Amino acid sequence: MVAAHPARPSERELRSASKQARRSNGEDAPTSLEDIAAGIQVCRRCDLWRNATQGVPGLGPPRAALMIVGEQPGDQEDLQGVPFVGPAGQLLDRAMAEAGAPRDRVFVTNAVKHFKHEPRGKRRLHKTPDRGEVQACRWWLGAERRLVRPRVILALGATAVQAVFGKALPIGKTRGQRQALDGGELALVSWHPSFMLRIPDRDAKDRAYAELVADLKQAWKLAG
Ligand code: URA
């Protein structure tokens, strides 16, 4: 569970930022996290807004030393408007607590801000965003990076790696290695918690979880 929402803008801030975002057609570089939260709600850079309940901006302190980037909101995140609150988020919370990285001191966001899914009966099944959607949404991730100015970025899973580095990297081979980004941040990569939830083999699942905890620990230490 997420205990606090330290950077969640008030309704009034959101209304005013939303007006501003509409006036500028979402093209002006956002100057605050509230601008981003409002701009995402009127974003038409790709078509994912059409079937989503809302855009889900990143959440955390406006100046966090560590930024964690996931893939995209899931079903629960789409309904609540908060990143990483569903099953993958609960696993991430547990891993962060074990790593000693307090969630309320970390800026947690996603590569793509709208939930991509397809209906399956009453359920909405996650669909991986394509390269064009990731590229379109990099504009928002770039704005979050510029405003939050994290020292370290931890990219979870292939979509986040594509968004953060602008290219694909093999996670198994690259995890544990810090890399310098053009924006001046240090970046690390790790497994996405949703991937872990899908591993059927208990030992493999435990190993991937232990690696995620180790990567979070390293990221938090580097950021400190
Ligand atoms: N998976 C993600 O990548 N992000 C979320 O916010 C939830 C699930």
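Which residue has a polar side-chain atom 2.7 Å from a nitrogen atom of the ligand? Here are some notes to help you find your way around this predicted model.

1. The residue to look for is N110, whose polar side-chain atom lies 2.7 Å from a ligand nitrogen. Two backbones also take part: a polar backbone atom of Q72 is 3.0 Å from a nitrogen atom of the ligand, and a polar backbone atom of F84 is 2.8 Å from a ligand oxygen. On its own the ligand has 240 Å² of accessible area, and the protein covers 94% of this.

2. Now widen the view to the surroundings. The ligand occupies the space of the largest pocket, and the residues around the ligand include G70, E71, P73, G74, E77, P83 and H192.

3. N110 also belongs to strand β2, which spans residues 107-110. Along this strand, V108 and N110 point one way while F107 and T109 point the other, and all four are buried. Strand β1 (residues 66-70) pairs with β2 in the parallel sense over four bridges; F107 in β2 is the bridge partner of M67.

4. Stepping back, you can trace an open sheet of five strands with mixed pairing, ordered β2-β1-β5-β7-β6. β2 and β6 (179-180) stand at the edges with a single partner strand each, so one side of each has no neighbour in the sheet.

5. Further along the sheet, strands β5 (residues 152-156) and β7 (residues 186-190) run parallel and are joined by five bridges. A handy place to start there is A155, whose bridge partner in β7 is V189.

How values were computed: Residues numbered from 1 in each chain as written. Predicted model: local features only at pLDDT ≥ 70, side-chain atom pairs only at ≥ 80, totals over all residues. Heavy atoms only, no water. Buried < 20%, exposed > 50% of the residue type's maximum accessible area, 1.4 Å probe, protein only. Helix = DSSP H or I, 4+ residues; strand = E, 2+ residues; numbered from the N terminus. Pairing = 2+ DSSP bridges. Near = heavy atom within 4 Å. Polar contact = N/O pair within 3.5 Å; in protein donor to acceptor, adjacent residues only side chain to side chain. Areas by Shrake-Rupley, 256 points an atom, 1.4 Å probe, with all protein chains shown as cover. 1 Å grid on protein atoms, 1.4 Å probe; cavity = no way out; pocket = protein on both sides within 12 Å on 5 of 7 lines; lining within 4 Å. Sits in = over half its atoms within 2 Å of the grid points.
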